[in-house]
Amino acid sequence: MNNGVWVAGGPLTSINFGAKGMESVYQCVQTILATVVGTVFFYRDFGVDADIVDLTLVAARQRLRGEVVEKLRLYEPRIQVLEVDFVDPGRDMTEQGTLVPKVFIVPRKDALI
């Protein structure tokens with residue numbers, strides 16, 4: 001059995017500037033998932049591509065899964081992504097086509113956390 005954890009995307013409600021260990025990792029993952037590509041000055045590729053909004057829900061899920069894995073591998077080397085799923089948003093959000101990723105991660109064995 002692994003010691004992984006689910007981390008959900010969505011807007012950040014607070015930032016702990018003193019976060020350490022796995023709390024820091026979770027916060028970084030949430031930051032990557034909540035950031036839209038092109039919105040960070042001098043770091044334009046950071047975050048998740050928002051162009052998926054023009055895709056069908058099925059295509060958007062597939063594209064977002066790949067995007068999440070790619071960006072977390074690039075920007076958060078302390079973890080390994082085991083699975084990408086989506087939060088069940090409830091009826092109202094599903095009708096609006098809202099996708100909130102949740103990622104099952106484990107710390108890399110060679111990571112300094």
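A salt bridge is a side-chain nitrogen of Lys or Arg within 4 Å of a carboxyl oxygen of Asp or Glu. In this predicted model, the side chains of Lys71 and Glu67 fit that description, with N and O 3.5 Å apart. Both residues belong to helix 2, where they stand four residues apart, about one turn of the helix. In general, an α-helix has 3.6 residues a turn, so residues three or four places apart point the same way. Lys71 and Glu67 are both buried.

By the rule given above, the structure has six salt bridges. Another of them joins the side chains of Arg63 and Asp49, at 3.2 Å from N to O. Arg63 lies in helix 2 and Asp49 in the loop between helix 1 and helix 2, so this pair ties together parts that are 14 residues apart in sequence. Arg63 is partly exposed, at 37% relative accessibility. A salt bridge also links Asp110 with Arg108, whose closest N and O atoms are 3.6 Å apart. Here Asp110 is exposed, with a relative accessible area of 59%, and Arg108 is partly exposed, at 36%. Through shared partners, salt bridges join Asp45, Glu67 and Lys71 into one network.

The account now turns to the nonpolar interior. The largest nonpolar core has 19 residues, and those touching the most other members are Val29, Leu64, Val68, Leu72, Ile79, Val103 and Ile105. Helix 1, helix 2, strand 2 and strand 3 each give two or more residues to this core, and the largest share, five residues, comes from helix 2. Leaving aside residues up to four places away in sequence, Leu72 touches Val29, Ile32, Pro77, Ile79, Val81 and Val103.

Helix 1 comprises residues 21-34. At 1.5 Å a residue, its 14 residues should span 20 Å, and its end C-alpha atoms are 20 Å apart, which agrees. Its buried residues are Ser24, Val25, Gln27, Val29, Ile32 and Leu33. Among the elements that cover them are strand 1 (5-8), helix 2 (57-75), strand 2 (79-86) and strand 3 (101-107).

Aromatic rings form a further set of contacts, with four aromatic pairs in the structure. In one of these pairs, the ring centres of Tyr43 and Phe46 are 5.2 Å apart and the planes meet at 15°, so the pair is stacked; the cut-off for stacking is under 30 degrees. Tyr43 is partly exposed, with a relative accessible area of 41%, whereas Phe46 counts as buried at 12%. Together with Tyr75, Tyr43 and Phe46 form one aromatic cluster.

Terms used:
Residues are numbered from 1 along each chain as its sequence is written. This is a predicted model: local features need pLDDT of at least 70, side-chain atom pairs count only at pLDDT 80 or more; totals for chains, interfaces and linings use all residues. Side-chain values use heavy atoms; hydrogens and water are left out. Rings of Phe, Tyr and Trp (its six-membered ring) pair if their centres lie within 6.5 Å; planes under 30 degrees apart count as stacked, over 60 as edge-to-face and the rest as tilted. Buried means under 20% relative accessible area, exposed over 50%, partly exposed in between (1.4 Å probe, protein chains only). The expected span of a helix is 1.5 Å times one less than its number of residues. Contact means heavy atoms within 4.5 Å. A nonpolar core is a set of buried Ala, Val, Leu, Ile, Met, Phe, Trp, Tyr and Cys residues joined through side-chain atoms within 4.5 Å.
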